[in-house]
Amino acid sequence: MKTDRSDILACLRSSEDYVSGQQLCDRLGVSRTAVWKVIKQLKEEGYLIESVPSRGYRLVESPADVYSKSEIASRLHTKWAGQNLIFFESTGSTNPDAKRFAEEGAPHGTTVVADRQTAGRGRRGRSWESPAGSSIYFTVVIRPTFAPEKASMITLVMALSVAEAIHAATGLETGIKWPNDIVVNGKKVVGILTEMSMTPEMNEIQFLVAGVGVNVNHSGPEDFPEEIRQTATSLRIESGRRIDRAALLEQILARFEADYEIFERSCSLSELKTRYESRLVGRDTTVRVLDPAGEYTGISRGITETGELAVEKETGETVLVYAGEVSVRGLYGYV
Ligand code: BTN
């Protein structure tokens with residue numbers, strides 16, 4: 001659901017030339033005064049908009065890295081991903097927010113975005129550092145048509161979409177550390193936390209929420225807490241330039257929508273596997289599988305169509321590793 005502000009921004013952004021006040025009124029079904037008020041507000045926020053009496057308005061420049069509901073919504077060209085957009089300057093965590101909206105009936109694709117989280121959650125009960133102004137934190141509500149045992153694959157689909165979006169936006173080579181961490185130059189830039197809610201009978205998925213945290217504009221390692229300084233990095237640190245968060249988020253949501261639809265056709269990763277494996281970190285190298293039932297090493301051979309990691313042991317036997325409590329490491333360090 002777009003607001004007048006995001007519609008006006010979208011109109012101005014999609015036109016190289018001036019857009020007349022009348023065109024804006026007709027398109028939005030609002031008065032001239034309403035258009036004028038929005039334009040005035042946008043100018044106050046730093047948008048450089050030229051107003052020429054007989055011609056209308058032209059967006060000359062957007063302020064750098066504006067991160068607001070209107071800015072994000074005005075960029076979206078998706079059918080469902082992010083079309084119901086909820087934006088918080090600050091919240092505890094976008095995952096429980098998304099669950100709450102889903103329980104209240106929010107549609108498939110509803111996306112909760114925050115500039116800051118005060119109780120950001122990571123996997124395995126860890127926290128996720130979420131300061132204001134530097135990163136992307138969002139959660140998408142998914143209402144699947146598939147069985148609960150397929151749900152874990154959504155995290156891999158999201159990892160692929162985010163890895164490719166980052167590559168397209170920044171030129172950085174993104175790798176996926178199975179199942180769903182995204183790394184650049186051996187350090188983590190993205191974490192994904194997917195949670196599932198079942199129907200009361202416990203036989204069907206009510207909804208899933210897929211929460212994504214991207215480290216975007218941290219300027220140096222000192223911006224990370226001591227404990228993760230060796231293993232975390234940001235897109236700005238790696239690319240040497242500030243990244244526009246709204247533009248990247250738009251790319252991520254567009255790719256996720258497309259990839260999810262591909263996934264849904266077969267409810268498997270069959271059509272996404274090649275792309276995923278081309279980014280899989282440590283493929284055909286020796287990895288250590290940290291299984292609570294016993295650690296072992298083997299050669300990572302890629303993923304199956306259902307998202308398990310195939311690891312070939314020294315004995316020649318191939319073990320399928322299921323995501324969950326197991327983590328996989330290279331022999332040297334985090335990746
Ligand atoms: C991980 O441990 O790698 C997963 C981190 C997931 C972080 C994201 S940020 C948006 C969403 N809200 C949260 O509290 N966590 C996820």
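A polar contact is a pair of N or O atoms within 3.5 Å. Keep that cut-off at hand for the exercises below, and remember that the model is predicted.

**Exercise 1. Find which side chains and backbone atoms make polar contacts with the ligand.**

Solution. Start with the neighbours: 20 residues surround the ligand, and the closest are Ser93, Gln117, Arg121, Arg123 and Lys188. Now take three of these in turn.

- Glutamine 117 has a side-chain N or O atom 2.9 Å from a nitrogen atom of the ligand.
- Serine 93 brings a side-chain N or O atom to 2.7 Å from an oxygen atom of the ligand.
- Arginine 121 uses its backbone: an N or O atom there lies 2.6 Å from a ligand oxygen.

Each distance can be held against the cut-off of 3.5 Å.

**Exercise 2. Decide whether the ligand is buried or exposed, and say where it sits.**

Solution. On its own, the ligand exposes 410 Å², and the protein buries 99% of that area. As for the place, the ligand sits in the largest pocket. Next, look at what builds the shell. Helix H5 (94–103) and strands S5 (135–142), S8 (187–198) and S9 (205–215) are the elements that give two or more residues to it. S8 gives the most, with 4 residues. Finally, sort the shell by character: 6 residues are nonpolar, 10 polar and 4 charged.

**Exercise 3. Describe the aromatic pair of phenylalanine 146 and phenylalanine 263.**

Solution. A pair of aromatic rings is described by the distance of the centres and the angle of the planes. The model has 7 aromatic pairs. For phenylalanine 146 and phenylalanine 263, the centres are 5.4 Å apart and the planes make an angle of 85 degrees. Planes over 60 degrees apart count as edge-to-face, so this pair is edge-to-face. Now place the partners: phenylalanine 146 is in the loop between S5 and helix H6 (153–170), while phenylalanine 263 belongs to helix H8 (residues 245–266). The pair thus links distant parts of the chain, 117 residues apart.

**Exercise 4. Locate the backbone features at proline 179 and asparagine 185.**

Solution. Go to the loop between strand S6 (174–177) and strand S7 (181–184), where proline 179 lies. The peptide bond leading to proline 179 from tryptophan 178 is cis, with omega near 0 degrees. Then move to the loop between S7 and S8, which holds asparagine 185. The phi of asparagine 185 is near 50 degrees, a positive value in a residue other than glycine.

Conventions: Residues numbered from 1 in each chain as written. Predicted model: local features only at pLDDT ≥ 70, side-chain atom pairs only at ≥ 80, totals over all residues. Heavy atoms only, no water. Near = heavy atom within 4 Å. Polar contact = N/O pair within 3.5 Å; in protein donor to acceptor, adjacent residues only side chain to side chain. Areas by Shrake-Rupley, 256 points an atom, 1.4 Å probe, with all protein chains shown as cover. 1 Å grid on protein atoms, 1.4 Å probe; cavity = no way out; pocket = protein on both sides within 12 Å on 5 of 7 lines; lining within 4 Å. Sits in = over half its atoms within 2 Å of the grid points. Nonpolar A, V, L, I, M, F, W, Y, C, P; charged D, E, K, R; others polar. Phe/Tyr/Trp six-rings, centres within 6.5 Å; stacked < 30°, edge-to-face > 60°.
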